[in-house]
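Hi everyone, thanks for coming along. I'd like to walk you through one model this morning, so please have a look at it on the screen.

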Amino acid sequence: MNTEESKGNWDEQKNKLKQKFAALTDNDMLFKDGTKEEMIAKLQKKLGKTREELIKIIEGL
């Protein structure tokens, strides 16, 4: 998958996450190369979910 496909896929998942969790902002889901773990930790804290729960939610979108 190329970078544009990845970005498009993340944009779609991000919008679905925002619909599911109204408390999330674009800033919470800012994803750049190399910052995935940092973003996941931020989402875990904000949503009160474990890493595993959060990954399962994202994969299920």
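Let me begin with a lysine. Lys46 is found in helix H2, which covers residues 36–47; helices here are DSSP runs of H or I with at least four residues, strands are runs of E with at least two, and both are numbered from the N terminus. Before I go on, a word on the source: this is a predicted model, where local features need pLDDT of at least 70, side-chain atom pairs count only at pLDDT 80 or more, and totals for chains, interfaces and linings use all residues. Residues are numbered from 1 along each chain as its sequence is written, and side-chain values use heavy atoms, with hydrogens and water left out.

Back to Lys46. Is it buried, exposed or partly exposed? Lys46 counts as partly exposed because its relative accessibility is 39%; buried means under 20% relative accessible area, exposed over 50%, and partly exposed in between, with a 1.4 Å probe and protein chains only. Leaving aside neighbours within four places in sequence, Lys46 is in contact with Ala23, Leu24, Thr25 and Asp28, contact being heavy atoms within 4.5 Å. Lys46 and Asp28 sit 18 residues apart in sequence, and their C-alpha atoms are 8.5 Å apart in space.

Now for H2 as a whole. Its twelve residues should span 16 Å at 1.5 Å a residue, and the end C-alpha atoms are indeed 16 Å apart, which agrees; the expected span is 1.5 Å times one less than the number of residues. Which residues of H2 are buried? They are Met39, Ile40, Leu43 and Leu47. Seen down the axis, these buried residues fall within an arc of 100°, so they line one face of the helix; the arc is that of the directions from the helix axis to the C-beta atoms. You'll remember the background: an α-helix has 3.6 residues a turn, so residues three or four places apart point the same way. On the other side of H2, Glu38 and Lys45 are exposed.

After H2 comes Gly48, with a positive phi near 70°. Then there is Lys49, in the loop between H2 and H3. Lys49 counts as partly exposed, at 28% relative accessibility. Beyond four places in sequence, Phe21 touches Leu47, Lys49 and Ile57.

On to H3, where the buried residues are Leu54, Ile57 and Ile58. They cover an arc of only 95° around the axis, which puts them on the same side of H3. Glu52, Lys56 and Glu59 are exposed on the other side of H3.

So where do these faces lead? The largest nonpolar core has twelve residues in all, including Trp10, Leu17, Phe21, Leu43 and Ile57; such a core is a set of buried Ala, Val, Leu, Ile, Met, Phe, Trp, Tyr and Cys residues joined through side-chain atoms within 4.5 Å. H1, H2 and helix H3 (51–59) each give two or more residues to this core, and H2 gives the largest share, four residues.

One polar residue to mention is Gln13, found in helix H1 (residues 3–20). Gln13 is buried, with a relative accessible area of 16%, and touches Ile58 and Leu61, not counting residues up to four places away in sequence.

Last, confidence. The protein chain averages a pLDDT of 84, and 87% of the residues score at least 70; pLDDT is the predictor's confidence in each residue, from 0 to 100. Among the elements, H1 has the lowest mean pLDDT (78) and H3 the highest (91).
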